[in-house]
Amino acid sequence: MAALPTMKVSPDAVDFIDDAFLSSLLTGPPPDGIRVRDTIARSLAKKPLSVEETALLLRVRDPELVEQIFQAARTLKETVYGNRIVLFAPLYIGNFCVNECSYCGFQMGNKLSVRRTLTPAEIREQVLALEAHGQKRLILVFGEHPKYDAPFIADQVRTVYSIRDGHGEIRRVNINAAPMDIEGYRIIKSAGIGTYQIFQETYHHETYSRVHPPHTRKGNYLWRLDGLSRALEAGCDDVGIGVLFGLHDWRFEVLGLVAHATHLRSRYGVGPHTISFPRLRPACGAEFTGAVSVSDDDFKRVIAILRLAVPYTGLILTAREDAKLRRDLMGFGVSQIDAGSRIEIGGYTEAGDAQVMEREQFELGDIRPLDTVVRELVQDGYLPSFCTACYRLGRTGEHFMEFAIPGFIKRFCTPNALTTLMEYLVDYASPETRRSGQELIEKELAALEEGPLKAELIERLGQIKESERRDLYF
Ligand code: SAM
Ligand code: SF4
């Protein structure tokens with residue numbers, strides 16, 4: 001069996017999380033309205049906020065000021081991302097794991113967990129099922145185990161890209177797996193991955209040691225904290241950070257995320273492409289169900305304040321949350337969601353209507369089919385997007401940051417959202433979703449400035465509708 005990388009943290013790795021300092025920023029009286037409005041104005045000018053400025057927003061108590069934060073987050077989301085919501089689905093490849101994370105159904109000591117690694121034939125079945133639903137972007141998820149070394153993960157990525165059927169194809173494969181060494185990231189990058197995601201889970205050192213026993217691989221805080229720096233050094237310039245909310249004080253964790261984004265930006269000239277903020281869910285065999293629950297209202301503040309703190313970073317709201325809450329939270333800064341998700345291993349062909357806890361890492365809150373989610377988004381005025389153009393044209397990392405400027409969305413993102421939505425409507429949607437989607441496309445087209453870009457877009461939308469031409473990205 002292959003070996004996992006030796007956890008040699010580079011001598012340059014720094015632990016940039018100072019628990020006492022971050023906690024101290026959260027104490028003291030609530031800030032006055034003028035300072036809060038100044039900070040909001042900075043953010044609306046699309047300047048990333050420092051940890052100190054973010055802490056100021058986190059200390060707001062006055063309901064009117066909280067409302068101003070929500071409003072600003074909505075506005076910023078509109079100006080940076082428009083009404084697009086990018087869609088993807090997770091594909092769990094294997095749940096063997098050597099760690100003992102106390103909140104996770106995959107922890108090694110969990111005897112109830114049904115362990116399995118998908119065979120290439122089973123991966124094929126899963127991917128064909130996902131493609132048949134209209135998915136174009138996947139995230140492959142792995143436990144941490146010698147079976148899942150870098151060459152193995154790279155092979156799975158190549159396999160997924162190679163599975164095509166009719167119009168079905170996966171155009172972007174992201175990864176959520178354990179931290180690698182630099183050589184490992186190079187191997188994975190060569191397979192053409194999109195984003196490499198690693199969630200720190202909690203930035204608070206003491207809590208980290210409590211939920212990740214120090215004798216386990218994941219117990220090494222700095223190896224994990226430095227994990228995406230190594231990825232960037234290896235040339236994977238598209239990385240995603242995250243926190244598992246519910247382990248420690250949510251305000252502290254938001255500061256941890258902002259400190260991490262700031263560190264990556266100052267050291268590598270590029271911040272994280274995405275931030276994820278899963279909330280702890282019940283998991284089979286996991287005794288730990290959270291030290292601090294994060295209420296729905298506080299969760300809304302997490303999203304809005306993150307939106308303001310890191311204007312150009314995508315925010316991912318997962319199907320851990322239930323359908324109603326996801327709908328309510330969508331406007332506060334979310335730019336990506338998973339939809340049609342099943343996280344039982346083999347779940348896309350084997351799962352029924354109910355979830356089987358022994359076969360999944362935790363319980364999902366929203367297992368509605370992709371078509372239902374697309375329809376709801378469209379009817380709520382959002383523009384679902386399956387776009388994968390940027391990474392395929394090399395617009396990633398700092399190049400992406402250069403493009404994240406006014407005009408970029410109009411020139412690339414909205415047209416690509418419209419063409420990929422049109423593909424979805426023509427090839428996969430139910431009649432009702434197709435009708436609502438076509439209406440939205442007409443509305444979006446009417447709002448676009450006249451000119452060569454619009455003419456070209458109309459031409460391409462027509463080709464998708466009337467012919468077999470697909471994947472016509474700008
Ligand atoms: N095993 C790798 C690791 O730990 O980095 C891959 C990630 S794990 C399969 C995916 C993520 O699920 C974890 O990083 C954690 O944040 C989240 N997770 C684990 N248990 C959870 C639970 N009970 N509820 C919600 N999210 C959970
Ligand atoms: Fe393993 Fe990841 Fe679950 Fe921890 S969170 S037990 S590392 S799968």
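Leucine 140 of strand 2 has isoleucine 175 of strand 3 as its bridge partner. This is a predicted model, and the account below follows strand 2, its neighbours, and then the two ligands.

Strand 3 covers residues 172-176 and pairs with strand 2 in the parallel sense, over five bridges. Between these two strands the chain passes through helix 6 (residues 150-162), in a right-handed β-α-β crossover. Strand 2 also pairs with strand 1 (residues 84-94), again in the parallel sense and over five bridges. Here leucine 138 in strand 2 is the bridge partner of alanine 89. Strand 1, helix 5 (residues 120-133) and strand 2 form a right-handed β-α-β unit.

Strand 2 itself, residues 137-142, is mostly covered, with six of its six residues buried. Arg137, Ile139 and Val141 point one way, while Leu138, Leu140 and Phe142 point the other way. Arg137 is thus a charged residue among the buried ones.

The ligand surroundings can be set out by residue class.

| Shell | Nonpolar | Polar | Charged |
|---|---|---|---|
| Ligand 1 | 14 residues | three residues | four residues |
| Ligand 2 | four residues | three residues | two residues |

Ligand 1 is surrounded by 21 residues, the closest being Cys104, Phe199, Arg281, Ala283 and Phe362. Around ligand 2 stand Cys97, Asn99, Cys101, Cys104, Phe106, Gln107, Gly143, Glu144 and Lys218. Cys104 therefore belongs to the surroundings of both ligands.

Conventions: Residues are numbered from 1 along each chain as its sequence is written. Chains are lettered from A and ligands numbered from 1 in the order in which they are written. This is a predicted model: local features need pLDDT of at least 70, side-chain atom pairs count only at pLDDT 80 or more; totals for chains, interfaces and linings use all residues. A residue is near a molecule or strand if its C-beta atom, placed from the backbone, lies within 6 Å of it. A residue is buried if 20 or more other C-beta atoms lie within 10 Å of its own, exposed if 12 or fewer, and partly exposed in between; C-beta atoms are placed from the backbone. Helices (H or I, at least four residues) and strands (E, at least two) are DSSP runs, numbered from the N terminus. Two strands pair if DSSP finds at least two bridges between them. A crossover is right-handed if, with the strands pointing away from the viewer, the path from the first strand over the helix to the second runs clockwise.
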